[in-house]
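Here's a quick walk through this one, going from charge pairs to the metal site and then to how the parts meet. Have the viewer open as you read.

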Amino acid sequence: MRVLVVEDEKALATGLKRGLEAEGFAVDVAINGTDGLWLGRENTYDAIVLDIMLPEINGFQICSTLREENIWTPILMLTAKDGELDEAEALDSGADDYLAKPFSYVVLLARIRALLRRDVRERPAVLEAGDLKLDPASRRCWRADREVTLTPREFSLLEFLLRRKGEALAKSEILAHVWDFDFEGDPNIVEVYIRHLREKLDRPFKRDALQTVRGSGYRLDAQGG
Ligand code: CA
């Protein structure tokens with residue numbers, strides 16, 4: 001298994017190389033974006049560990065360029081800690097997974113192994129739960145192959161739920177991610193929007209994807225209801 005590490009912090013890059021080699025991986029290291037993109041294009045890797053802030057070409061650009069060129073090597077992106085936007089952008093740019101720095105080496109290895117277990121084929125950055133699909137890049141949504149029009153707020157709410165599908169999410173957590181952090185209105189607004197989504201995505205299709213979790217909040221069924 002061959003892994004490309006694109007990381008400009010030399011100590012971290014060297015540590016990753018040694019650690020991955022100790023696990024039996026063949027490892028190439030690029031310490032800037034130009035080399036990283038070139039290696040990612042020219043060689044066939046089983047996975048790429050990609051930092052975001054890099055000299056010359058950043059990680060988002062590398063990732064989206066590879067995807068545009070139909071190179072679907074699994075990519076694990078290293079994001080800054082507390083960088084929620086980074087994480088969303090990592091996935092939007094076509095990364096398969098992300099890990100916030102500083103990370104545990106054990107977790108990094110587990111994530112790489114998980115990526116290696118996946119099918120390597122085209123994975124457009126569309127979020128899915130069963131036949132419920134959402135494309136953050138084109139801002140379109142489908143249920144059972146029928147396109148459904150959502151308002152921007154409904155779209156953001158559904159995107160958040162899809163990124164965390166299968167998890168019970170507290171109303172306060174949903175509010176903090178989908179509305180502003182300093183939102184001071186009625187927290188029941190979440191309920192109102194969940195109802196809108198149910199009316200558009202569940203009821204006409206006789207599904208139950210947007211589930212109420214008693215005492216805590218909501219959960220989007222991972223299979224789409
Ligand atoms: Ca960096």
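A salt bridge here is a side-chain nitrogen of Lys or Arg within 4 Å of a carboxyl oxygen of Asp or Glu. Keep in mind that this is a predicted model. With that cut-off, the structure holds 20 salt bridges. One of them pairs the side chains of K101 and E7, with 3.1 Å from N to O. That pair ties together distant parts of the chain: K101 sits in the loop between β5 and α5, E7 in the loop between β1 and α1, and they are 94 residues apart. Another salt bridge brings together the side chains of D92 and R163 at 3.0 Å, N to O.

| Salt bridge | N to O distance |
|---|---|
| K101 and E7 | 3.1 Å |
| D92 and R163 | 3.0 Å |

K101 has something else going on in the backbone. The peptide bond joining K101 and P102 is cis, with omega at about -10°. P102 belongs to the loop between β5 (97–100) and α5 (105–117).

Now for the metal. Which residues coordinate the calcium ion? D8 and D51 each do so through OD, and M53 through O, at 2.1 to 2.3 Å. Written as a sequence pattern, the spacing of the donor residues is D-x42-D-x1-M. Here too, distant parts of the chain are linked: D8 is in the loop between β1 (2–6) and α1 (10–22), while M53 is in the loop between β3 (47–51) and α3 (59–68), 45 residues away.

On to the domains. The domain assignment of the protein gives domain 1 as 2–117 and domain 2 as 127–220. Their C-alpha centres lie 30 Å apart. How many residues are in contact across the two domains? Four from domain 1 touch five from domain 2. Between them, domain 1 and domain 2 bury about 320 Å², with 44% of that on carbon and sulfur atoms. On the domain 1 side, E84, L91 and D92 lose the most area to domain 2, and together they make up 89% of what that side buries.

As for polar links between domain 1 and domain 2, the count is one salt bridge. There is also one residue pair in polar contact between domain 1 and domain 2, counting residues both at pLDDT 80 or more. The residues of domain 1 that touch domain 2 split into two nonpolar, no polar and two charged.

One last backbone detail to check in your viewer: A144 has phi near 50°, a positive value in a residue other than glycine. You'll find A144 in the loop between β8 (140–143) and β9 (146–148).

Methods. Residues are numbered from 1 along each chain as its sequence is written. This is a predicted model: local features need pLDDT of at least 70, side-chain atom pairs count only at pLDDT 80 or more; totals for chains, interfaces and linings use all residues. Side-chain values use heavy atoms; hydrogens and water are left out. Domain bounds come from an automatic or database domain assignment. Contact means heavy atoms within 4.5 Å. Buried area is the accessible area (1.4 Å probe) that two parts lose on being put together, summed over both. A polar contact is a pair of N or O atoms within 3.5 Å; within protein, one must be able to donate a hydrogen and the other to accept it, and residues adjacent in sequence count only if both atoms are side-chain atoms. Ala, Val, Leu, Ile, Met, Phe, Trp, Tyr, Cys and Pro count as nonpolar, Asp, Glu, Lys and Arg as charged, and the others, Gly among them, as polar. Donors are N, O and S atoms within 2.8 Å of the metal (3.2 Å for Na, K and Ca); water is not among the atoms, so sites may look incomplete. Helices (H or I, at least four residues) and strands (E, at least two) are DSSP runs, numbered from the N terminus.
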